[in-house]
Amino acid sequence: MNNTAILNTVRFIVLVFFQVTVFNNIQFMGYVTPYPYLLFILLYPLHTNKHLFLILSFLLGLILDIFNNSGGVHTTACITLAFIRENLLKMSFGYSYEFHMMRITDKLSSELVTYVISSVLIHHTVLIFLEVFNINFIVEILLRTITSSIFTVILIFLIIGLIKSPRK
């Protein structure tokens with residue numbers, strides 16, 4: 001196993017553990033639930049097997065669905081995000097996104113903020129719409145999507161700040 005595989009394995013396990021034990025128990029006013037496990041999908045290396053990435057994203061969602069007894073909503077949201085991630089990278093970073101992804105944790109940029117916010121919004125929209133699955137509750141869906149997205153984005157940037165490599 002190379003260093004990248006070990007790092008991704010550790011990242012997967014740690015993010016699932018903290019999501020299940022800590023973040024799933026945060027229910028602020030019934031609307032805010034952070035989902036920082038998205039960092040696994042957001043930070044997954046680009047130059048790897050895309051089929052493996054989709055399978056790992058599926059497993060990530062499936063494990064969370066099993067622990068949450070949520071019937072596949074996390075799996076669907078994770079697969080959706082993993083499937084469109086490359087397009088989100090092109091939209092955020094331009095066609096030179098491969099270079100920028102290597103430095104994603106080195107600096108905070110407008111491209112990184114765009115990438116994280118758009119990814120979180122898409123994931124949360126799919127997740128919460130499938131959780132509620134009733135168009136009559138559109139206001140609740142929007143409110144939960146926006147508030148959970150804001151909290152998740154803040155948490156993701158705090159985690160990125162903590163794991164950022166020190167400047168040399």
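Reader: Let's start with the pair H6 and H7. Which way does H6 pass H7, in a left-handed or a right-handed crossing?

Author: H6 passes H7 in a right-handed crossing. Keep in mind that this is a predicted model.

Reader: Why are H6 and H7 called oblique to each other?

Author: Their axes cross at roughly 140 degrees and come within 9 Å. To count as roughly antiparallel, the angle would have to be over 145 degrees, and roughly perpendicular covers 65 to 115. An angle of roughly 140 degrees fits neither of those classes, nor the one under 35 degrees, so oblique is what's left.

Reader: What makes up the contact of H6 with H7?

Author: On the H6 side, the residues include Leu112, Val116, Val120, His124, Ile128 and Glu131. On the H7 side, Ile141, Arg144, Ser148, Thr152 and Phe157 are among them. By class, the contact has 13 nonpolar, 6 polar and 2 charged residues.

Reader: What tells you that the span of H6 agrees with what a helix should have?

Author: Its 23 residues should span 33 Å at 1.5 Å a residue, and the end C-alpha atoms are 32 Å apart, which agrees. H7 can be put through the check too: 26 residues, with 37 Å from first C-alpha to last, close to the 38 Å expected.

Reader: And which residues of H7 are buried?

Author: Among them are Ile141, Arg144, Thr145, Ser148, Val153, Leu155, Phe157 and Ile160. The buried residues of H7 pack against H2 and H6. H6 has buried residues too, including Leu112, Tyr115, Val116, His123, His124 and Leu127.

Reader: Now leucine 88. Why does leucine 88 count as buried?

Author: The cut-off for buried is under 20% relative accessible area. Leucine 88 comes in at 7%, so buried is the right word. This residue lies in H4, residues 73-93. Leaving aside residues up to four places away in sequence, leucine 88 touches Leu81, Tyr115, Ser118, Ser119 and Ile122. Leucine 88 and threonine 114 are 26 residues apart in sequence, yet 8.9 Å apart in space, C-alpha to C-alpha.

Reader: What makes H3 roughly antiparallel to H4?

Author: H3 and H4 pack at about 155 degrees, with their axes 7 Å apart. That angle makes H3 roughly antiparallel to H4, since the class takes angles over 145 degrees. As for handedness, H3 passes H4 in a right-handed crossing.

Reader: What sits in the contact of H3 with H4?

Author: From H3 you get, among others, Lys50, Phe53, Leu54, Gly61 and Asp65. From H4, the list includes Val73, His74, Cys78, Phe83, Arg85 and Glu86. The classes come to 11 nonpolar, 5 polar and 4 charged.

Reader: Then why are H1 and H3 described as roughly parallel?

Author: H1 (residues 3-21) and H3 (residues 50-68) pack at about 25 degrees, with their axes 11 Å apart. Roughly parallel means under 35 degrees, and H1 and H3 therefore qualify. H1 also passes H3 in a right-handed crossing. Here Phe12, Val16, Gln19 and Val20 in H1 meet a set in H3 that includes Leu56, Leu60, Ile63 and Phe67. The contact of H1 with H3 divides into 9 nonpolar, 1 polar and no charged residues.

Reader: Two loop residues caught my eye. Why is asparagine 69 called exposed?

Author: Exposed starts over 50%, and asparagine 69 has a relative accessible area of 72%, so the label holds. The residue is in the loop between H3 and H4. Its phi is positive, about 55 degrees, although asparagine 69 is not a glycine.

Reader: And phenylalanine 133, why exposed?

Author: Set its relative accessible area of 59% against the cut-off of over 50% and the answer follows. Phenylalanine 133 sits in the loop between H6 and H7, and its phi is positive too, about 50 degrees, although this residue is not a glycine.

Reader: To finish, what does the secondary structure of the chain come to?

Author: It comes to 7 helices and 0 strands. Buried residues make up 42% of the 168 residues. Of the contacts with a separation of 6 or more, 66% are between residues 24 or more positions apart.

How values were computed:
Residues numbered from 1 in each chain as written. Predicted model: local features only at pLDDT ≥ 70, side-chain atom pairs only at ≥ 80, totals over all residues. Heavy atoms only, no water. Axes fitted to C-alpha atoms, helices over the stretch in contact; angles between N-to-C directions. Helix = DSSP H or I, 4+ residues; strand = E, 2+ residues; numbered from the N terminus. Left-handed = near helix turned anticlockwise from the far one by under 90°. Contact = heavy atoms within 4.5 Å. Nonpolar A, V, L, I, M, F, W, Y, C, P; charged D, E, K, R; others polar. Expected span 1.5 Å × (residues − 1). Buried < 20%, exposed > 50% of the residue type's maximum accessible area, 1.4 Å probe, protein only.
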